[in-house]
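Visitor: Hello! Could you walk me through this structure, one question at a time?

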Amino acid sequence: MKYITLKIALCASIILLPVILSAQTTTKIDIEAVVRTDEGLPVEGAVVRSEQDDVSTITDSLGVFSLEVSPNAILSVYRVGYETKFSAATADLQEIVLGSDRLVQVAYREEEKKDLMGGISYVDIPELLEKNYITSPLDNMQALVPGFNGNIWGMDEYLVLVDGVPRDVGSVQPTAITQISFLKGVSAVALYGSRAAKGAILITTKRGHIGEQTVDVRVNAGLSIPKSFPKYLGSAEYMTLYNEARVNDGLEALYSEEEIYHHFSGTNPYRYPNVDYYSDEYLQKVYSRYDGTMEISGGNQKARYYTNIGFFTEGSLLDFGEAENNKNQRFNVRGNVDMKLTDYISATVDLGAIFSNNVGVNANYWGGAASIRPHRFTPLIPIDLIEENDEASMNLVENTNNLIDGQYLLGGTQLDQTNPIADVYAGGSNTYTSRQFQFNTGVDADLQNILKGLSFSSMFGLDYATSYNQSYNNEYAVFEPTWTNYAGTDMISSLTRYGQDASSGELTVSNSSYRQTLAFSGQLNYETLLDNDHDISAMLIAGGFQRSQSGVYQGITNANLGLHLGYDFKNKYYAQFNGAMIYSTRVPEDNRTGFSPTLSLGWRISEEDFLASSSVVDNLKLSVSAGILHTDLDIPDYFLYEAIYTQTDGAWYGWADLSAPARSTDSRRGANPDLTLPKREEISLGLDASFFNSLLVFNGNVFMSKMTGLVNQLSILYPNYFETGWPNSSFIPYVNYNNDLRSGFDFSLNLNKRIGQVDWSVGLVGTYVTTEASKRAEFFENDYQNRQNKPLDAIWGLESEGFFENIEEIANSPEQAFGEVQPGDIKYKDQNSDGIINAQDEIYLGRGGWNGSPYTVGINLTAKWKNFTFFALGVGRAGAIGIKNSDYFWVNGQDKYSEIVRNRWTEETMGTATYPRLTTSGGNNNFRNSDFWQYSTDRFDLARVQVSYTFPENLIGGDLVEEFGVYVNGANLFTIASNREILELNTVSAPQTRFFNIGVKALF
């Protein structure tokens, strides 16, 4: 028994010896280090884990962690929003730096790019500015952001939030922005409540960094060059064709051949004027623009700061008189401070101010240039052509206050006592002044002492904007000369004055207005990671804003409670619930609340076993979102649910006395206590994919969105005795009836490849939106006129069948209800064969694209070679039409004639004419919506090209100047379109321009 015991003990010792030896030789080390971002900020809540030792911990508010692990054990550090970092555990390990994964600002929180669902796109503005300098935040974003074509998914408006406060897009400069997020789907916007129900754009501004102070400076100088000007006929050609128009109308010619000849010859442009308002006599060929920005940033662990200071100034095309002083100026300053008050409480303060002055003249120059006929009068009358012995005229010259350049009087006639040229010289000037002040502050609290992962955030914003116009309003006299001729020389024999010179010198202040915005939000946030697999998040939010402005009794309000619940299992399976309880006073009291629930589900297929080891698929995620949002956006005013009665005098005759009008109380609107909030009901599918190690990256969405219960006052739903035309009376209430349907898809596709020494990146963005009036209250005799099931931007008009060629054809055609017609007038198709051409023959012509073109495509190209960067951006739009319905095309009566009338119908040109006969009447038959005036707005624009160069560090020293670069760019360079001349034409406003710029940037 003794030997047996000894043998057992010996065997046990042999078996346990390796374990004992291992325990003695494998010692642990204590690691105490800090986890920071690449900007130097501590990372709180990061999970630090050693798989080898099966231990883990979480960093505290200072980013510090302590862990006992084996020497050289591999530590994994993970935190939502950052790339996972792996570091070897060594005794001298003091710091681990986490590179930030792409965080995207979404409703009330930030989310990793790879986890986005519900139709969210974003643009990194600093990255964009490095290759494409812009001065407007949304400049050409339709070419960079899928689903955005000027609006979001075909909607007609969207909410803009700058740092959480409703603000104008132009209230912040691109250099001060770090990111712009586009929230498109119902799940993405639900937490913002009613006013965001049609989409939201979130602009996030830059903040300070920990480290030494940096100063970033940009200066730009550019020139704007007009693309085209309207082309109007000269005096002689106008007078000839006007005579033709009068003859067409059975009238005598107004202008003699001799008079026309003198205007044509140009021997005396003062007596026989031929005024070209677009000549270089009045306009510059180019005008300049300058802007500059300085950014200052820095800070430490306790406080960080950021400041942005900028200026902008540009001139105008007008190059005479007071207009030489025209300019638009802007100065802006924006700053913020982030403070860590305690280990658990931090605060932010943001301030901004914008000062704008637009200096101009008291003249509508472009409107006048498009309407005043060239032969009417000479704008300037030379005084050296006045007869020497005409004392009366010389007395007028001596007594005028407006002797231009010491040698010209202001010209005019009894019918033209004001004109844009005289206005520019003598009408006075004005300055439009705008001031905007912005303030927001926030407090964040870490509540981990109550519950790990719990925090509180709050924000309060206050904006105040004022604007007013200051002007010196002058009156002036114009002069009409009477001409005579002595021995072949034209002289002015007398002058007739119209009006008086009057200048009080008083500064007039007018059009004063203000706007105030108050915004607030408070939220409880919870986030935790269980077993490294289950990421759980939740938010409870109370938020809203109120905007008041001058002249509006009831401002805009938005108030709601929001709830977010999120779950993510191993970055593979996702579920999110976003809902809001909204409140609106635009509906009756019993209907003022509405709950808006949304749900998003996601599946990262690439994490499944059958794709996890794929060398082709890097990422493949499928998501689906659906929800119902209540909104008051389409309720145009308050109290529409109430009846309106008003007192009238003299509208009715008394019972017995037919001669005396009686007072009455009339109804203007019926009541509807059942009026409710319209709803946006939507489902969308999303796909995110990346292939071949990010060589090809794709993002896309398919959506179907329905607006139901839209509010309208629809008389067709009620008997005709519910309203009368005169006296005006109605019992028709506002009701929930109309429905709109929008559907479509968007996508972005990016290809990134290095070929030789050049890094290439090509991006393709596309958006397609179709709209439909899915439910309408209407009663048309003919189905082809029903608005239901037609696009929301439908254009309606007649179908043309050429021109009437002769009287016989007119006699054998249907009756023309729009007025008497003659040969050369447009002939229309009788759609319903009732023998009358009238409004009942109007048909659907096409989509107007008023809320964005049906098809929008953007393409961008970036090429980097050494220190050079080339960038180009193009935008294509298709699927919409326009109607040529301005006075430039619909020329009648006393209108100015454009070159379009040269192709008019005459008996000689009836086989080739493209324009109706000329007329001095209203031309009611010809000048109305029809496919005769229809044109395609399909186009492709080369929107931007920029070449940048960054100087090597060894050339700039690097002691004071860390980075220095120059760039040149151009905007709106050219358009490819079948109707390019129409698309590039402005008539009653300043012309479209191309822009060329050179810029310098430096980092100190």
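Guide: Gladly! Let me start with a term: helices (H or I, at least four residues) and strands (E, at least two) are DSSP runs, numbered from the N terminus. Please also keep in mind that this is a predicted model.

Visitor: Thanks. In which loop is Asn812 found?
Guide: Two elements frame this residue, a helix and a strand. Asn812 sits in the loop between α10 (807-811) and β42 (815-816).

Visitor: Is Asn812 buried or exposed?
Guide: The cut-off for exposed is over 50% relative accessible area. Asn812 has 69% relative accessibility, so this residue counts as exposed.

Visitor: What distance separates the C-alpha atoms of Asn812 and Ala33?
Guide: Along the chain, Asn812 and Ala33 are 779 residues apart. In space, their C-alpha atoms are separated by 97 Å.

Visitor: Let's go inside. Which element gives the largest share of the largest nonpolar core?
Guide: This core has 54 residues, and those touching the most other members are Tyr277, Leu283, Tyr365, Tyr897, Val901 and Trp933. Elements that give two or more residues to the core are α4 (235-248), α6 (365-369), α8 (420-426), β43 (826-828), β45 (843-847) and β48 (881-883). The largest share, six residues, comes from α4.

Visitor: Which residues does Tyr365 touch, not counting residues up to four places away in sequence?
Guide: Tyr365 is among the core residues that touch the most other members. Leaving out residues up to four places away in sequence, its contacts are Tyr277, Tyr282, Leu283, Leu318, Phe320, Pro420, Ile421 and Val424.

Visitor: How many residues are in the other core, the one that lies apart?
Guide: Nonpolar side chains tend to be buried together in soluble globular proteins. Among the members of this other core are Ile152, Val172, Ile177 and Ile203. The core counts 32 residues.

Visitor: What accessible area does the nonpolar patch on the surface have?
Guide: The patch is formed by Leu751, Val762, Leu764, Val857, Ile859, Phe940, Phe974 and Ile976. At least two of its residues come from each of β39 (758-775), β46 (855-865) and β51 (963-976). Together, the patch residues have an accessible area of about 600 Å².

Visitor: Why does Phe940 count as partly exposed?
Guide: Phe940 is found in strand β50 (residues 939-950). Partly exposed covers the range between the buried cut-off, under 20%, and the exposed cut-off, over 50%. Phe940 counts as partly exposed because its relative accessibility is 31%.

Visitor: Within what arc do the buried residues of α7 fall?
Guide: In helix α7 (residues 391-399), the buried residues are Ser393, Leu396 and Val397. They line one face of the helix, because seen down the axis of α7 they fall within an arc of 100°.

Visitor: And what covers those buried residues of α7?
Guide: On the other side of α7, Glu391, Ala392, Glu398 and Asn399 are exposed. The cover over the buried residues includes β21 (408-410), β24 (478-486) and β25 (489-498).

Visitor: What is phi of Asp405?
Guide: Asp405 is placed in the loop between α7 and β21, and counts as exposed at 63% relative accessibility. Although Asp405 is not a glycine, its phi is positive, at about 55°.

Visitor: Is Asn140 buried or exposed?
Guide: Asn140 lies in the loop between α2 (125-129) and β11 (159-162). Its phi is near 60°, a positive value in a residue other than glycine. With a relative accessibility of 11%, Asn140 counts as buried.

Visitor: On to charges. Which residue forms a salt bridge with Glu682?
Guide: Glu682 counts as buried at 5% relative accessibility, and its partner counts as buried at 0%. The side chains meet at 2.5 Å, N to O, and the partner is Arg680.

Visitor: How many residues apart in sequence are the parts tied together by Glu809 and Lys827?
Guide: The side chains of Glu809 and Lys827 meet in a salt bridge of 2.9 Å, N to O. Glu809 lies in helix α10 and Lys827 in strand β43, so the pair ties together parts whose separation in sequence is 18 residues.

Visitor: Last one: which residues do salt bridges that share partners join into one network?
Guide: One salt bridge links Lys114 with Glu112, their closest N and O atoms being 3.4 Å apart. Lys114 is partly exposed at 29%, whereas Glu112 is buried at 2%. The network joins Glu112, Lys114, Asp115 and Arg604.

Notes:
Residues are numbered from 1 along each chain as its sequence is written. This is a predicted model: local features need pLDDT of at least 70, side-chain atom pairs count only at pLDDT 80 or more; totals for chains, interfaces and linings use all residues. Side-chain values use heavy atoms; hydrogens and water are left out. A nonpolar core is a set of buried Ala, Val, Leu, Ile, Met, Phe, Trp, Tyr and Cys residues joined through side-chain atoms within 4.5 Å. Buried means under 20% relative accessible area, exposed over 50%, partly exposed in between (1.4 Å probe, protein chains only). Contact means heavy atoms within 4.5 Å. Patches are made of residues with over 30% relative accessible area and no salt bridge: like charges are joined within 9 Å, nonpolar side chains (Val, Leu, Ile, Met, Phe, Trp, Tyr) within 5 Å. Accessible areas come from the Shrake-Rupley method with a 1.4 Å probe; for residues, only the protein chains shown count as cover. A salt bridge is a side-chain nitrogen of Lys or Arg within 4 Å of a carboxyl oxygen of Asp or Glu. The arc is that of the directions from the helix axis to the C-beta atoms.
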